[in-house]
Amino acid sequence: MNLHNASLYISAVAPAQYPPSSVCEIALAGRSNVGKSSFLNRLLNRKNLARTSSTPGKTATLNFYNIDNALFLVDLPGYGYAKVSKEEKKKWADMIDRYLHTRTQLVQTFLLVDVRHLPTDDDLAMLNWIKSRHGRAVVILTKCDKLKKSKLEGNIKDAVEHMNLSEDDVYIPFSSETGLGRSDAWKIINSLMDGGI
Ligand code: GTP
Ligand code: MG
């Protein structure tokens with residue numbers, strides 16, 4: 001797969017706009033500002049392919065990135081951002097639910113969680129849904145560069161315990177700043193594309 005051949009295919013708000021292709025898809029879910037778009041950029045080593053922002057609520061559509069006609073990475077709007085209006089939140093939640101529940105080529109939803117904070121109730125709800133839909137969870141613990149090593153180890157342990165991850169689940173400490181976890185993430189993606197972890 002040629003990672004240089006990556007581009008935004010469409011910013012979709014409705015199923016009619018989803019790519020009419022059956023290549024496998026991996027979706028990125030998580031709270032607003034957790035680092036979903038930055039994760040995608042780091043995977044592809046592209047600084048600004050997906051728009052990022054220190055203001056939560058940046059990604060407001062389902063953004064399908066075509067990776068060499070072999071894979072779509074789908075950057076989802078974040079949940080849990082207080083300042084988005086109630087109507088907007090409902091619209092985003094419906095849009096995300098519709099995609100996650102109906103898309104047959106979706107082989108895995110990655111849950112991104114900020115390693116500095118314990119997963120929220122929304123994160124746990126998403127985690128449970130992911131487990132029931134895909135049979136396993138893949139959790140990306142983001143922003144690992146922001147903690148000192150000793151604190152980082154404790155936070156990773158706490159997060160894994162709080163999420164009650166089993167041996168079938170996968171978690172990857174990640175940093176879009178340093179590239180920590182990038183090769184592990186690709187290992188998982190490649191094995192998912194081959195039909196299993
Ligand atoms: P929404 O689109 O609003 O849902 O946010 P998002 O989850 O896509 O987050 P985004 O990638 O836009 O990142 C949010 C902020 O966190 C930006 O200022 C990023 O630069 C920063 N950030 C993301 N990942 C990391 C990381 O691994 N390390 C550090 N230091 N900052 C990060
Ligand atoms: Mg985003």
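Why does Thr-59 count as buried? I began with this residue, in what is a predicted model. I found that Thr-59 has a relative accessibility of 11%, and buried means under 20%; Thr-59 therefore counts as buried.

**Entry 1: the surroundings of Thr-59**

I located Thr-59 in the loop between α1 and β3. I then listed its contacts, leaving aside neighbours within four places in sequence. The list consists of Ser-37, Arg-51, Asp-75, Leu-76, Pro-77, Gly-78 and Trp-92. With Ser-37, I noted a polar contact of 3.2 Å between the two side chains.

**Entry 2: the magnesium ion**

Which residues coordinate the magnesium ion (ligand 2)? I found Ser-37, through OG, and Thr-59, through OG1, at 2.1 to 2.2 Å. This pair links distant parts of the chain, for Ser-37 belongs to helix α1 (residues 36-43) while Thr-59 is in the loop between α1 and β3 (62-67). The two residues are 22 residues apart. I recorded Ser-37 as buried, like Thr-59.

**Entry 3: helix α1**

I next asked how many residues of α1 are buried. The count is six of its eight residues, and I noted the helix as mostly covered. The buried residues are Lys-36, Ser-37, Phe-39, Leu-40, Asn-41 and Leu-43. I traced what they pack against: the strands β2, β3, β4, β5 and β6, and the helix α5. Just after α1, I noted that Asn-45 takes a positive phi of about 50°.

**Entry 4: the sheet**

I turned to the strands and found seven of them in an open sheet. Their order is β1-β3-β4-β2-β5-β6-β7, with mixed pairing. Why is one side of β1 and of β7 left without a neighbour in the sheet? I saw that β1 (6-12) and β7 (170-173) stand at the edges and each has a single partner strand, so one side of each is left without a neighbour there. Neighbouring strands of this sheet are turned by 25° against each other on average, direction ignored.

I examined one pairing more closely. Strands β2 (residues 24-30) and β4 (residues 71-75) run parallel and are joined by five bridges. In this pair I found Ala-27 of β2 opposite Val-74 in β4.

**Entry 5: helix α5**

Across which strands does helix α5 lie? I found that α5 (residues 182-193) lies across β2, β4, β5 (106-114), β6 (138-142) and β7. Its direction is at about 160° to β5. I noted also that α5 is among the elements against which the buried residues of α1 pack.

Methods: Residues numbered from 1 in each chain as written. Chains lettered and ligands numbered in written order. Predicted model: local features only at pLDDT ≥ 70, side-chain atom pairs only at ≥ 80, totals over all residues. Heavy atoms only, no water. Pairing = 2+ DSSP bridges. Helix = DSSP H or I, 4+ residues; strand = E, 2+ residues; numbered from the N terminus. Axes fitted to C-alpha atoms, helices over the stretch in contact; angles between N-to-C directions. Contact = heavy atoms within 4.5 Å. Donors = N, O, S within 2.8 Å, 3.2 Å for Na, K, Ca; no water. Buried < 20%, exposed > 50% of the residue type's maximum accessible area, 1.4 Å probe, protein only. Polar contact = N/O pair within 3.5 Å; in protein donor to acceptor, adjacent residues only side chain to side chain.
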